[in-house]
Amino acid sequence: MPLKVSDQIRTRVASGEITAAEADRFGAFVATCNRDLMTHPVITNNRFCEWFARGEADRDIVRHFVVQFSVFSNLFLIAQLQKCINAGSLEGMRASKEILANEIGVIFNKPGAASKAVSDTDREGDPAIVSTEGTVDGGTFRFAAAHFEWLLRMGEVLDLGFNDMGKRRHGTPSTLFFCDQLSAIYGSDDPNTAEGASFAVENWAAAGFWKQLVAGLDAFKKRECPQLPLAFFTWHDRIEEQHAGHVMDELEELYFTPDFDEAKFLDGGRRMLDGVQAFWTGLNEHRIAAAYS
Ligand SMILES: [Fe+2]
């Protein structure tokens, strides 16, 4: 779906906060993002996810997929930490820490919301019940709430042990290329490059691939693996759904900051999408090769 400039830009012009020429310039930039980034095949035509959603993946394909995802999930922590360290403002650093701390097991705290009663403490940190909203500030840390541990529990059902998952050595070259590009571009010390990569990652995530993965896994679970916990994937789908709406606001905010550089932003975004594409292409080639072996 192409990006659309929100109505609030007109409000900002009317209030004199920005000029009409600036608003036009922003509109032209959004059009460029639509042309240069949103048409990337990883957003418009993710072959692996489209195939996976049909529910035809067998146990070996699902195992391979879960292992590669676990490598991405763990190595992503490095990129996210770099993003924290390289943040251009305290606010940016905190926004990055929200993601990092939540990844490693800090449950979001939603002030004002009645906390869900957890009668069975063993379930604390279970993605089926932890919040997708709120802040890690004041949140509770639980080992079991680490996203990697959610994947470990999935792996258990597929006979994958702790040392079969999440390490660099378990990654295929295309998975590792993706993870290394995340560190280099998403975690870049050049703020415009990093912001372009962030924007790209957010749009990729908002393009609906979590739903396709959930659909495929759900079919596999029903067909041959009733014990398989899917909450890692359903939790991420829920959080992305909320986040998708903020992407445009964030771009608008960023665009009018003094150091914004269109070319660097677009370059970071484009290169990051190519990195993401490598991950899915690797998975797609693996499943095609498996089908003919
Ligand atoms: Fe995660």
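Reader: Which residues of α2 and α12 meet, and what makes this a contact?

Author: In this predicted model, R25, F26, F29, V30 and C33 of α2 meet M248, L251, E252 and Y255 of α12, where a contact requires heavy atoms within 4.5 Å.

Reader: How do the residues of the contact of α2 with α12 divide into nonpolar, polar and charged?

Author: They divide into seven nonpolar, no polar and two charged; since Arg and Glu count as charged, R25 and E252 are the charged residues of this contact.

Reader: Why is α2 called oblique to α12?

Author: The axes of α2 (residues 20–36) and α12 (residues 247–255) come within 11 Å and cross at roughly 125°. Because an angle counts as roughly perpendicular from 65 to 115 degrees and as roughly antiparallel over 145, the value of roughly 125° falls in neither class, and therefore α2 is oblique to α12. As for handedness, α2 passes α12 in a right-handed crossing.

Reader: What makes α9 oblique to α13?

Author: Helix α9 (residues 191–206) and helix α13 (residues 262–291) pack at an angle of about 45°, their axes being 7 Å apart. Angles under 35 degrees count as roughly parallel and those of 65 to 115 as roughly perpendicular, so that about 45° belongs to neither of these and α9 is oblique to α13. The crossing of α9 and α13 is, in addition, right-handed.

Reader: Which residues make the contact of α9 with α13, and how do they divide?

Author: On the side of α9 the contact includes N192, T193, E195, F199 and W204, while on the side of α13 the residues include K264, F265, R271, M272 and W280. The residues of this contact divide into 10 nonpolar, five polar and three charged.

Reader: Why is α8 called oblique to α9?

Author: The axes of α8 (residues 173–186) and α9 come within 8 Å and cross at roughly 135°. Because only angles over 145 degrees count as roughly antiparallel, and roughly perpendicular ends at 115, α8 is oblique to α9. F178, L182, I185 and Y186 in α8 meet T193, A194, A197, S198, V201 and W204 in α9, and these residues divide into eight nonpolar, two polar and no charged.

Reader: How many cavities of 30 Å³ or more does a search of the whole structure find, and what lines the largest cavity?

Author: The search finds one cavity of 30 Å³ or more, and the largest cavity has a volume of about 40 Å³. Its lining includes N102, G105, F108, S131, W150 and W235, and the residues of the lining divide into seven nonpolar, three polar and no charged.

Terms used
Residues are numbered from 1 along each chain as its sequence is written. This is a predicted model: local features need pLDDT of at least 70, side-chain atom pairs count only at pLDDT 80 or more; totals for chains, interfaces and linings use all residues. Side-chain values use heavy atoms; hydrogens and water are left out. Axes are lines fitted to C-alpha atoms, for helices over the stretch in contact, and angles run from 0 to 180 degrees between N-to-C directions. Helices (H or I, at least four residues) and strands (E, at least two) are DSSP runs, numbered from the N terminus. A crossing is left-handed if the near helix is turned anticlockwise from the far one by less than a right angle, and right-handed if clockwise. On a 1 Å grid over the protein atoms alone, a cavity is a set of points where a 1.4 Å probe fits but cannot get out, and a pocket is an open set with protein on both sides within 12 Å along at least five of seven lines; lining residues have an atom within 4 Å of a point. Grid points are joined across faces, edges and corners, and a volume is the space filled by probe spheres set on the points.
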